[in-house]
Amino acid sequence: VFVVFGAGTASATVICKTKTSPCESPYLKGTTFNAVLSPGTTAVFKAGFMTIECSEGSGSVEMTTSGSATETVKGLTKTLSFGGCNAEFKVLKTGSGEIHWTSKTNGSFTAEGMEVTGSALGVDCVYGGKISSGITLNGGTSPTIGINAKVPLISGGFLCANPGSMTASLTVTGPTPLYVLAS
């Protein structure tokens, strides 16, 4: 799942163009980041009886706040899509989120409002809501997003796991470099 850029609570997080701390060149509100499924990898969504694997994926996120010592950096997912899947897998809502600085030039995501549906054997399972752990942003000259998250079940039959799980490796394609820093 392509989640959203944004940043922590009042824990003072900024997204920067350089590793310089304090940040002298932050990305500002309105910046749109793009990401794609890392080459040679698949996104895997496990929903009880079905395991959906997708060989293509992309998304974009626009920063809705800049972040500072007192403002959380938040973002809104503008686009999100998957392709090359072994079963039907659709994005119903893209959602929003924020990022929290964790250490070095890395952060963790909290996402909410996203909804996806997987369908197999005539059964639809809808997942989404709040994902508060399992999504990390590794900053650098070639930043990556790692997803190993539990995703709450919104609707579906008893064959749908609650929660489902998503794993994926994404590469941020621009703008780069990107560093998550404490402000």
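Let's start at one cysteine. C23 is partly exposed, with a relative accessible area of 21%. The cut-off for buried is under 20%, so C23 misses that class at 21%. Keep in mind that this is a predicted model.

Who is the partner of C23? C23 forms a disulfide with C16, and their sulfur atoms are 2.0 Å apart. C16 is another story: at 0% relative accessible area, C16 is buried. So one end of this bond is buried, and the other is partly exposed. Now the torsion. About the S-S bond of C16 and C23 we get about -140 degrees, so this disulfide is left-handed.

How many disulfides does the structure hold? Three. On to the next one.

C54 and C85 are joined, again with 2.0 Å from S to S. Where do these two cysteines sit? C54 is in strand β4 and C85 is in strand β5, so the bond ties together parts that lie 31 residues apart in sequence. The torsion about this S-S bond is about 105 degrees, so the link of C54 and C85 is right-handed. Burial next. C54 has a relative accessible area of 1%, so C54 is buried. C85 comes out at 25%, which means partly exposed.

Those two strands also pair with each other. β4 covers residues 50-63 and β5 covers residues 74-85. They run antiparallel, with nine bridges between them. For a landmark, look at G59: opposite G59 is L80 in β5. So β4 and β5 are connected by strand pairing and by the disulfide of C54 and C85.

β5 has another partner. Which strand is it? It is β7, residues 96-103. That pairing is antiparallel too, over three bridges. The landmark here is L76, which faces S96 in β7. One general reminder while you look at the strands: in a regular strand, side chains alternate between the two faces of the sheet.

Now the remaining disulfide. C125 and C160 are joined, S to S 2.0 Å. The torsion is -80 degrees, and the link is left-handed. C125 lies in strand β9, residues 123-131, while C160 lies in the loop between β12 and β13, so this pair ties together parts 35 residues apart in sequence. Are these ends buried or exposed? C125 is buried, at 0% relative accessible area. C160 is buried as well, at 7%.

What is the pairing pattern? Number the bonded cysteines in sequence order, and you get 1-2, 3-4, 5-6.

Let's zoom out to the whole chain. The count is zero helices and 14 strands. The radius of gyration is 16 Å, close to the 16 Å from the globule rule for 183 residues, so the chain is as compact as a globular protein of that length. Along the principal axes, the C-alpha trace spans about 55 × 30 × 25 Å.

Next, burial and contacts. Of the 183 residues, 47% count as buried. Take the contacts between residues at least 6 apart in sequence: 64% of these join residues at least 24 apart.

Last item, the surface. The accessible surface comes to about 7,900 Å². Carbon and sulfur atoms account for 52% of that area.

To recap: a chain with 14 strands and zero helices, three disulfides, and a 1-2, 3-4, 5-6 pairing. Thanks. Over to you.

How values were computed. Residues are numbered from 1 along each chain as its sequence is written. This is a predicted model: local features need pLDDT of at least 70, side-chain atom pairs count only at pLDDT 80 or more; totals for chains, interfaces and linings use all residues. Side-chain values use heavy atoms; hydrogens and water are left out. Two strands pair if DSSP finds at least two bridges between them. Helices (H or I, at least four residues) and strands (E, at least two) are DSSP runs, numbered from the N terminus. A disulfide is a pair of cysteine sulfur atoms within 2.5 Å. Buried means under 20% relative accessible area, exposed over 50%, partly exposed in between (1.4 Å probe, protein chains only). The radius of gyration is taken over C-alpha atoms; the globule rule is 2.2 Å times the number of residues to the power 0.38. Contact means heavy atoms within 4.5 Å. Accessible areas come from the Shrake-Rupley method with a 1.4 Å probe; for residues, only the protein chains shown count as cover.
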